[in-house]
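Work through these exercises with the structure open beside you. Try each task before you read its solution.

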Amino acid sequence: MAIWLPNLNGRSGPKYLQIVEAMAEDIASGRLAPGAQLPPHRELAYQIGVSANTTSRAYAEAVTRALLRGEVGRGSFVRAAEPMMHQGGVANSLRRDAQGPIDLSRNLPLAGFSQQHIRQALHTLAEGSDLSPLLDYQSDADLDRHIDAWQHWLAYCGVDAIRSEVMTTVGGQHALFCAVAGVLKAGDLLLTEALTYMPVQAMAERLGVTTAAVAMDPQGVQPEAFEALCRHARPRAFYLTPTLQAPTTVTLDDERRAEIAEIAMRHDVILIEDDVFAPLKPDRPAPLATHAPDHTIYVTSLSKSVAPGLRVGILKAPQRLMPALRHAANLSLWMAPPLTAEIGARLILDGTAETLAEQQRRAARHRQTLARSVLSPPGATPMSYQADPQGLHLWLPLPPDLRADVFRAQCAQSEVLVSEGRSFALAPRDAPEAVRLCLSHEVSEDRLTTGLQRVAHLLRESRKSHALQI
């Protein structure tokens, strides 16, 4: 295997940090795989024309940042990925363990609210229904009752739809895959927010679709940056999450939504609106799909607001795009499981889904209050972070002297898992020094509180250390 050499072109700052940054980018991109052995630091120094002290310092810094592990007598190796979502990857396990590291890295809703309602739905199905239609392959006609329910849920989310514009998917992520596979072909350009849901990037790469980032500011994605890319790069589609954006928590205001919709219509760009968090924020502005209905593929689901294991996604799109979207669904899994769809439809049509969404909202508000009491307790210097009272996560920019990869490693050493900004960045080199903290994956509030306390302690210690150095 060829020796790994860092690409230092265009980098600034101390050489040892340039080497570490190149290493981190190659690990994130997959060029350096988990377990890969790096050359001895003296050999690397010779190959790139720096001192052995420089490469030795770079390797030591990489160990501090949890990029490498050193084995006495064997060498330096790329650390295995932690069990969380990484750029272009998928989670190894989504289990909610009551022991082990406290997991603030996964943006999943609480799971316990729906149990009694789903049990009742299953009981009713078993006792009083003819199950044969739900145990066979489905035609479009067989799905009438389900489409009725999806139209009701879309209206709850603020979107009107006729029957021929709606289809069932296996959760929101499957809907996103159908959107990317259905409207883009190899070589087309897909835009995303600069910080985004990275599995969409992985889908694009697998399909041969190119991607580019649209710049963001504290209010969210910038319409003028979208306009510039439309003029010069001719994108086919733009994927974005306008409500409770992950990771930044931002909800786009109505003015920006209208601007983005107008730009998309003028340049004939398809908007892929990921609105799975919409039921958690009833006071949000109207969806993009209401501003540009003929240019928007609207995606919602029951997973974030009703029950995470109820894999029911709902996709609404212009009729002209539906044949391609249905074809993508058929290629990927033929059809959504009718039994699961029936349970979801029953919960929607009897009003239970809306009740469960309100319970999730109350839980989110409660946990956001808990987080504020830990991170910014009364009488203490308030900690600066971004959050929405109805969201499931918060976005924590780090002090200027603290890198996100170092802080993530420090948290991991304290048995707390967090996600750093680079995990969401289309261009890792431009990622902000920040971490995302998720508040609802941990079932136990005691574990959540302990995890937040450890994060706050590490931040305070970092500030003290910086103050002493000054």
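**Exercise 1. A helix and its surroundings**

Task: Find how many residues of helix α14 (residues 404–413) are buried, and say what this tells you about the helix.

Solution.
Step 1. Note what you are looking at: this is a predicted model.
Step 2. Apply the cut-off: a residue is buried if its relative accessible area is under 20%.
Step 3. Count along the helix. In α14, 7 of the 10 residues are buried, so the helix is largely enclosed by the rest of the structure.
Step 4. Name them. The buried residues are A404, D405, V406, F407, R408, A409 and C411.
Step 5. Look just past the helix. There E415 takes a positive phi of about 65°.

**Exercise 2. Buried or partly exposed?**

Task: Decide whether Q222 is buried or exposed. Then do the same for N330.

Solution.
Step 1. Place Q222. It is found in the loop between β9 (220–221) and α8 (223–233).
Step 2. Use the area. Q222 is buried because its relative accessible area is 17%, and the limit for buried is under 20%.
Step 3. List the contacts. Leaving out residues up to four places away in sequence, Q222 touches V214, A215, M216, D217 and R256.
Step 4. Turn to N330. This residue lies in helix α11 (residues 322–333).
Step 5. Use the area again. N330 has a relative accessible area of 33%, so it counts as partly exposed.
Step 6. Add a distance. N330 and E342 are 12 residues apart in sequence, and their C-alpha atoms are 19 Å apart in space.

**Exercise 3. Strand β13 and its partners**

Task: Which strands pair with β13 (residues 313–316), and in which sense? Where do its side chains point?

Solution.
Step 1. Recall the rule. Strands of a sheet pair through backbone hydrogen bonds, either parallel or antiparallel.
Step 2. Take one partner. Strand β5 (residues 166–169) pairs with β13 in the antiparallel sense, over 4 bridges.
Step 3. Match residues across this pair. V166 stands opposite K316, and T168 has I314 as its bridge partner.
Step 4. Take another partner. Strand β12 (residues 296–301) also pairs with β13 in the antiparallel sense, over 4 bridges. Here V299 stands opposite L315.
Step 5. Sort the residues of β13 by direction. G313 and L315 point one way, I314 and K316 the other, and all are buried.
Step 6. Check β5 too. Both of its faces are covered. V166 and T168 on one side, and M167 and T169 on the other, are all buried.

**Exercise 4. A sheet of three strands**

Task: Give the strand order of the open sheet of 3 strands, and name its edge strands.

Solution.
Step 1. Read the order. It is β1-β3-β2, with antiparallel pairing.
Step 2. Find the edges. β1 (37–38) and β2 (68–71) each pair on one side only.
Step 3. Inspect one pairing. β1 and β3 (residues 75–78) are antiparallel, joined over 2 bridges.
Step 4. Pick out a bridge. Q37 has F77 of β3 as its bridge partner.

**Exercise 5. The nonpolar cores**

Task: How many residues does the largest nonpolar core have, and which have the most contacts inside it?

Solution.
Step 1. Give the size. The largest nonpolar core has 29 residues.
Step 2. Name the residues with the most contacts inside it: W150, W153, V306 and L310.
Step 3. Trace the helices. α4 (115–128), α5 (144–156), α12 (338–349) and α13 (352–375) each supply at least two residues of this core.
Step 4. Zoom in on W153. Leaving out residues up to four places away in sequence, its contacts include P279, V306, I314 and I348.
Step 5. Look for another core. A second, separate one of 27 residues includes I102, L396, V406 and A456.

**Exercise 6. Empty space inside**

Task: How many cavities of 30 Å³ or more does the structure hold? Describe the lining of the largest.

Solution.
Step 1. Count. There are 2 such cavities.
Step 2. Give the volumes. The largest has about 50 Å³, and the second largest about 40 Å³.
Step 3. Inspect the lining of the largest cavity. Among its residues are L110, Q360, R367 and S440.
Step 4. Sort that lining by class: 5 nonpolar, 3 polar and 1 charged.
Step 5. Repeat for the second largest cavity. Its lining has 5 nonpolar, 4 polar and 1 charged residues, including E193, M216 and T241.

Definitions and conventions. Residues are numbered from 1 along each chain as its sequence is written. This is a predicted model: local features need pLDDT of at least 70, side-chain atom pairs count only at pLDDT 80 or more; totals for chains, interfaces and linings use all residues. Side-chain values use heavy atoms; hydrogens and water are left out. On a 1 Å grid over the protein atoms alone, a cavity is a set of points where a 1.4 Å probe fits but cannot get out, and a pocket is an open set with protein on both sides within 12 Å along at least five of seven lines; lining residues have an atom within 4 Å of a point. Grid points are joined across faces, edges and corners, and a volume is the space filled by probe spheres set on the points. Ala, Val, Leu, Ile, Met, Phe, Trp, Tyr, Cys and Pro count as nonpolar, Asp, Glu, Lys and Arg as charged, and the others, Gly among them, as polar. A nonpolar core is a set of buried Ala, Val, Leu, Ile, Met, Phe, Trp, Tyr and Cys residues joined through side-chain atoms within 4.5 Å. Buried means under 20% relative accessible area, exposed over 50%, partly exposed in between (1.4 Å probe, protein chains only). Contact means heavy atoms within 4.5 Å. Two strands pair if DSSP finds at least two bridges between them.
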